[in-house]
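Please look over the following structure before reading on. The exchange below moves from strands to cores, cavities and loops.

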Amino acid sequence: MITKRLIPCLDVRDGRVVKGTNFSNLQDVSDPVTLAAKYSADGADELVFYDITASAEGRKLFTGILTKVAESVFIPLTVGGGINTIEDFDRVLKCGADKVSVNSGAIRNPRLIREAARIYGSQCVVLSVDVKRVGGRFHIFSYGGRTDTGIEALAWIRQGVELGAGEVVVNSIDTDGIKQGFDLELLRAVNEMVSVPVIASGGAGSIEDFVTLFQEIPEISAGLAASIFHFGQVQIPDLKKRLRETGILVR
């Protein structure tokens with residue numbers, strides 16, 4: 001079993017961390033710099049920063065707050081939101097990001113994945129997918145989960161990895177914020193199809209949800225969550241302790 005990563009996610013809107021349910025009903029949580037520093041000190045393995053309205057608003061990611069977040073952490077930082085060009089990659093990497101997450105921009109222009117992987121290496125390119133069941137099929141949604149593209153999710157993920165994405169974050173809209181556990185059906189299907197690391201996102205409500213994830217899908221690389229960390233329902237040191245007790249390798 002590979003060593004598992006635990007990754008808090010900062011969904012940022014207007015300079016504040018927010019969180020909702022099924023990608024809607026967003027509520028204010030906290031200052032991203034304060035939260036980022038806390039997670040770094042608590043032993044998070046990585047951190048994800050999403051400017052969640054950049055694509056929908058047709059603007060570039062806010063780099064001021066990103067720079068402050070990057071300066072406050074000592075763990076790998078993945079950044080996404082409004083990434084549409086190689087220049088966007090360059091801009092956020094210069095702000096302190098270690099990896100860049102592409103979603104809507106890559107749907108519009110899949111060649112962006114190939115070009116970014118060629119310039120920066122596949123390890124820098126993270127394909128983030130927002131997936132929801134529609135008529136019994138997995139569909140890709142864009143613009144922060146607002147628009148059903150009609151694209152079949154597994155086919156798009158396979159294509160993204162073939163183009164050069166070195167990691168896939170699978171965001172289940174169906175389980176987002178519900179806190180009833182990760183979307184194991186979706187995650188298993190993705191994990192069996194690709195050879196790159198897969199990060200599970202959406203649905204964590206307790207420590208045991210992480211235990212179930214890693215026991216049910218031993219090959220999954222990481223678990224990502226927001227609400228349970230932001231509101232103190234789960235502390236990262238406690239989570240790592242429990243995982244170790246069950247024989248799951250953590251850092």
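The questions and answers that follow concern a predicted model.

Q: Is strand S4 (residues 47–51) mostly covered or mostly open, and how many of its residues are buried?
A: In a regular strand the side chains alternate between the two faces of the sheet. In S4, Leu-47, Phe-49 and Asp-51 point one way while Val-48 and Tyr-50 point the other way, and all are buried. The strand is therefore mostly covered, since a residue counts as buried under 20% relative accessible area, and the number of buried residues in S4 is 5 of 5.

Q: Which residue in S5 stands opposite Leu-47?
A: S4 pairs in the parallel sense with strand S1 (residues 5–13) over 4 bridges, and in that pairing Leu-10 stands opposite Phe-49 in S4. S4 also pairs in the parallel sense with strand S5 (residues 77–80), again over 4 bridges. Within this pairing with S5, the residue opposite Leu-47 is Leu-77.

Q: Which helix gives the most to the largest nonpolar core?
A: In soluble globular proteins, nonpolar side chains tend to be buried together. The largest nonpolar core of this model has 73 residues, and those with the most contacts inside it include Leu-47, Val-129 and Phe-229. With 6 residues, the helix that gives the most to this core is H6 (residues 153–163).

Q: How many residues has the second, separate core?
A: Among the residues with the most contacts inside the largest core is Val-129, which, leaving aside its neighbours within four places in sequence, is in contact with Asn-103, Ile-140, Trp-156, Ile-157, Val-168, Val-169, Val-170 and Asn-171. One of these contacts, Val-169, belongs to the second, separate core, together with Ile-7, Val-126 and Ala-222 among others, and the size of that core is 9 residues.

Q: Which helix gives the most to the lining of the second largest cavity?
A: The count comes to 2 cavities of 30 Å³ or more, and the second largest cavity holds about 40 Å³ of space. Its lining is made up of Lys-38, Tyr-39, Asp-42, Phe-229, Val-234, Gln-235 and Ile-236, which divide into 4 nonpolar, 1 polar and 2 charged residues. With 3 residues, the element that gives the most to this lining is helix H1 (residues 32–42).

Q: Does His-139 count as buried or exposed?
A: His-139 lies in strand S8 (residues 137–142), and 5 of the 6 residues of S8 are buried, so the strand is largely enclosed by the rest of the structure. Leaving aside neighbours within four places in sequence, His-139 is in contact with Asp-130, Val-131, Lys-132, Val-134, Asp-148, Gly-150, Ile-151 and Ala-153. Because its relative accessibility is 9%, and the cut-off for this class is under 20%, His-139 counts as buried.

Q: How far apart in space, C-alpha to C-alpha, are His-139 and Ala-153?
A: Ala-153 is one of the residues in contact with His-139 once neighbours within four places in sequence are left aside. The two residues are 14 residues apart in sequence, and their C-alpha to C-alpha separation in space is 5.0 Å.

Q: In S9, which residue is the bridge partner of Phe-141?
A: Strand S7 (residues 125–134) and S8 run antiparallel and are joined by 5 bridges, with Phe-141 in S8 as the bridge partner of Asp-130. S8 is also joined by 3 bridges to strand S9 (residues 147–152), and these two strands run antiparallel as well. In S9, the bridge partner of Phe-141 is Asp-148.

Q: Which residue takes a positive phi in the hairpin of S8 and S9?
A: In the hairpin of S7 and S8, which has 2 residues between the strands, Gly-135 takes a positive phi near 60°. The hairpin of S8 and S9 has 4 residues between the strands, and there the residue with a positive phi, near 55°, is Tyr-143.

Q: Does Asp-14 count as buried or exposed?
A: Asp-14 is found in the loop between S1 and strand S2 (16–21), and its phi is near 55°, a positive value in a residue other than glycine. Because its relative accessibility is 59%, and the cut-off for this class is over 50%, Asp-14 counts as exposed.

How values were computed:
Residues numbered from 1 in each chain as written. Predicted model: local features only at pLDDT ≥ 70, side-chain atom pairs only at ≥ 80, totals over all residues. Heavy atoms only, no water. 1 Å grid on protein atoms, 1.4 Å probe; cavity = no way out; pocket = protein on both sides within 12 Å on 5 of 7 lines; lining within 4 Å. Points joined across faces, edges and corners; volume = space filled by probe spheres on them. Nonpolar A, V, L, I, M, F, W, Y, C, P; charged D, E, K, R; others polar. Buried < 20%, exposed > 50% of the residue type's maximum accessible area, 1.4 Å probe, protein only. Pairing = 2+ DSSP bridges. Core = buried A, V, L, I, M, F, W, Y, C linked by side-chain atoms within 4.5 Å. Contact = heavy atoms within 4.5 Å.
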